[in-house]
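Here is a brief report on the pockets of one protein model. Look over the sequence and structure first.

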Amino acid sequence: TRNSHVGIWADNVPDWLTLFYACAKIGAVYITINTNLKQSELEYICKNSDMDTLCIVNGRRDSDFVDMTYKMLPEMKKLSRGDLHNDEFPYMKRIIFLGPEKHRGMYNLFEILLLGKSLGNDEFLRLKSLVNCNDVATIQYTSGTTGFPKGVMLTHYNIINNGFLTGENMKFTNK
């Protein structure tokens, strides 16, 4: 929904872009999570960003994202999807697994797509009409040199202007 804080913890998978554009269209804030983070860093970003939705893949190399998410939110193994409540992460309401597999307490991507279809086009158009160029589109966390990552909020205008000026400086043309 509008103003939701949606985290993505995944490598460069097609769903990464799909979720980014979907969030931008309805006015949700997209939060990218570095795939090299350790447990404490993940938890810090989830708290610091007031994240209410976390989208994950299996993991990579020596990090199992599903296990790390269960470690952060152990009650997920006992609750139905969408019923998440944790005093340490008061905003976190749902976890979405970006794949067809089912994990206790998590939605999978197919289920989220079905839920989205059930809302209908009118609600999508209403949310889309509320988005403006000064809304925060994404929070990017830097690796930081003084401790934990720092969150930088970028508006829709910031992102578009950055792309435009990059093209100008590189002397791109339409030919």
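## Elements around the largest pocket

This is a predicted model. Five elements each give at least two residues to the lining of the largest pocket: α1 (14-26), β3 (53-56), β6 (94-97), α4 (109-119) and α5 (121-130). The largest share comes from α4, with 7 residues.

## Volume, centre and chemistry

The volume of the largest pocket is about 900 Å³. Its lining has 28 residues, and the closest to the pocket centre are T1, A22, I26, I112 and G116.

Sorted by class, the lining of the largest pocket holds 16 nonpolar residues, 7 polar and 5 charged.

## The second largest pocket

The second largest pocket encloses about 180 Å³ of space. Its lining is made up of F20, Y21, A24, K25, V131, A137, H156, I159 and I160. By class, that lining splits into 7 nonpolar residues, 1 polar and 1 charged.

Which elements each supply at least two residues of this lining? They are α1 and α6 (156-169). The largest share, 4 residues, belongs to α1.

## Where the two pockets meet in the fold

Helix α1 recurs in both descriptions. It supplies at least two lining residues to the largest pocket, and it gives the largest share of the lining of the second largest pocket. For the largest pocket, the largest share is that of α4.

Conventions. Residues numbered from 1 in each chain as written. Predicted model: local features only at pLDDT ≥ 70, side-chain atom pairs only at ≥ 80, totals over all residues. Heavy atoms only, no water. 1 Å grid on protein atoms, 1.4 Å probe; cavity = no way out; pocket = protein on both sides within 12 Å on 5 of 7 lines; lining within 4 Å. Points joined across faces, edges and corners; volume = space filled by probe spheres on them. Nonpolar A, V, L, I, M, F, W, Y, C, P; charged D, E, K, R; others polar.
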